Amino acid sequence: MNDGGHALLVEEVDVHFGGIRALDGVGLAVRPGEICGLIGPNGAGKTTLFDVVSGIRRPDRGRVLVDGRDVTRRSPAWRARHGMRRTFQRQQLFGQLTVADHCVVAQEWRGGGGGFAADLLASPTRRTHEARRHERAAEVLRACGIDALAGQYAGALPVGQARMVELARAVADPPGVLLLDEPASGMAADERRRLSDVVRRLAGEEGCAVLLVEHNVAFVMELCARVVVLDLGRVIARGTAAEVRANPRVRDAYLGTSLRDEGALNPRTEQQSW
Ligand SMILES: Nc1ncnc2c1ncn2[C@@H]1O[C@H](COP(=O)(O)OP(=O)(O)OP(=O)(O)O)[C@@H](O)[C@H]1O
Ligand SMILES: [Mg+2]
């Protein structure tokens with residue numbers, strides 16, 4: 001591992017949308033096995049940063065390194081095949097696939113061996129691969145507490161369960177770097193606890209580097225050893241949960257948001273309170 005052992009390193013990233021500076025010289029680093037929180041008011045640039053890290057958006061300036069390798073010009077598919085996974089802020093499930101199929105499909109890119117001929121002949125190797133993928137899917141669904149939903153169509157699930165399916169799909173093929181964009185939104189307290197357990201285990205036992213965006217600040221502070229705070233495209237604070245919580249700039253950024261939103265305009269304002 002290079003770069004002082006960082007699984008993910010973001011350096012001096014700028015993104016402009018016309019006159020808007022969505023990201024302005026943003027840098028952060030996540031080590032293997034670390035869960036790093038990324039917080040900030042609405043419009044701070046969190047999702048834009050995820051887009052840059054996952055390869056959906058090319059930055060105007062700056063670099064993204066994974067395990068010391070510069071991936072800034074690599075496609076999202078390339079990054080995914082090298083262990084990067086993400087979930088999206090807006091729910092992204094295939095309504096007509098079952099919950100179990102989401103976890104099987106996530107492993108299919110590895111292929112079954114033997115090419116087209118093996119497909120046609122349903123070779124034994126192919127069947128073994130298939131069986132292993134189904135076993136892995138079942139294991140992940142159990143860990144996420146949604147094994148009872150395996151045969152259900154994803155389109156029919158309430159939001160908390162749908163979020164959990166997104167998590168299961170993201171980890172079905174074990175990630176090296178996992179980006180979670182508001183994974184707990186719409187989850188009940190017991191689902192949030194389950195989410196925390198899964199993420200902790202991934203980081204602690206498998207060494208996955210996790211970057212987690214959440215508006216529920218209490219949840220982030222509990223789960224993340226380190227937190228980075230964005231506001232209007234800039235990093236305004238970073239440190240342990242306690243350090244960030246005590247930082248007056250962070251309080252000002254959040255207070256500003258609450259005042260701008262007048263509470264009622266933003267249903268998440270309540271969750272943002274300290
Ligand atoms: N495709 C786009 N075109 C133009 N402006 C955009 C685009 N995507 C994001 N922005 C702007 O960039 C800024 C950062 O947006 P972004 O979605 O990254 O914020 P965020 O921190 O994820 O906010 P939220 O907490 O509401 O999800 C905002 O001012 C937003 O309006
Ligand atoms: Mg966002």
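**Two sheets and a cysteine question**

Trainee: Which residue stands opposite Val13 in β2?
Mentor: Start with the pair of strands. Seven bridges join β1 to β2, and these run antiparallel. Strands here are DSSP runs (E, at least two residues), numbered from the N terminus, and two strands pair if DSSP finds at least two bridges between them. In β2, the residue opposite Val13 is Val26.

Trainee: What kind of model is this, and which pLDDT do side-chain atom pairs need to count?
Mentor: Residues are numbered from 1 along each chain as its sequence is written, chains are lettered from A and ligands numbered from 1 in the order in which they are written, and side-chain values use heavy atoms, without hydrogens and water. The model is predicted: totals for chains, interfaces and linings use all residues, local features need pLDDT of at least 70, and side-chain atom pairs count only at pLDDT 80 or more.

Trainee: Which residue takes a positive phi in the hairpin of β1 and β2?
Mentor: The hairpin has two residues between the strands. Phi is near 55° at one residue there, Gly18.

Trainee: What is the order of the open sheet of four strands?
Mentor: Its pairing is antiparallel. The edge strands, each pairing on one side only, are β2 (20-30) and β5 (69-70). The order is β2-β1-β4-β5.

Trainee: Which residue in β4 is the bridge partner of Leu9?
Mentor: β1 (residues 8-17) and β4 (residues 61-66) pair in the antiparallel sense over five bridges. Along this pair, Glu11 stands opposite Arg63 in β4. For Leu9, the bridge partner in β4 is Leu65.

Trainee: At about what angle to β1 does helix α1 run?
Mentor: Helices are DSSP runs too (H or I, at least four residues). Axes are lines fitted to C-alpha atoms, for helices over the stretch in contact (heavy atoms within 4.5 Å). Angles run from 0 to 180 degrees between N-to-C directions. Helix α1 (residues 46-54) lies across β1, β2 and β4, and its angle to β1 is about 120°.

Trainee: What is the order of the open sheet of six strands?
Mentor: Here the pairing is mixed, and the order is β6-β7-β8-β3-β9-β10. The edge strands, β6 (84-86) and β10 (234-240), each pair on one side only. Neighbouring strands of this sheet are turned by 15° against each other on average, direction ignored. To repeat the order: β6-β7-β8-β3-β9-β10.

Trainee: Which residue in β10 is the bridge partner of Val228?
Mentor: β9 (residues 226-231) and β10 run antiparallel, joined by six bridges. The partner of Val228 in β10 is Arg238.

Trainee: Which helix lies across β3, β7 and β8?
Mentor: The strands are β3 (35-39), β7 (177-181) and β8 (209-213). The helix covers residues 189-206 and runs at about 130° to β3. It is α7.

Trainee: Ser196 lies in helix α7; which residues does Ser196 touch, not counting residues up to four places away in sequence?
Mentor: Ser196 has a relative accessible area of 4% and is buried. Buried means under 20% relative accessible area, exposed over 50%, partly exposed in between (1.4 Å probe, protein chains only). Outside its sequence neighbourhood, Ser196 touches Phe219 and Leu223.

Trainee: How far apart in space are Leu157 and Val99, C-alpha to C-alpha?
Mentor: Leu157 is in the loop between α5 (124-143) and α6 (159-172). Leu157 counts as buried, at 10% relative accessibility. Val99 is among the residues that Leu157 touches. The two are 58 residues apart in sequence, and their C-alpha distance is 9.4 Å.

Trainee: Why does Cys103 form no bond with the closest cysteine sulfur?
Mentor: A disulfide here is a pair of cysteine sulfur atoms within 2.5 Å, and the structure holds zero. Cys103 is buried, at a relative accessible area of 0%. The closest cysteine sulfur to that of Cys103 is in Cys144, too far for a bond because the distance is 7.2 Å.

Trainee: How far from the centre of the ring of Trp78 is the charged end of Arg74?
Mentor: A charge sits over a ring if NZ of Lys or CZ of Arg is within 6 Å of the ring centre and within 35 degrees of the ring normal. The charged end of Arg74 sits over the Trp78 ring, and its distance from the centre is 4.3 Å.

Trainee: What percentage of the 274 residues in the protein is buried?
Mentor: The protein has eleven helices and ten strands. Of the contacts with a separation of 6 or more, 68% are between residues 24 or more positions apart. The buried share of the 274 residues is 49%.
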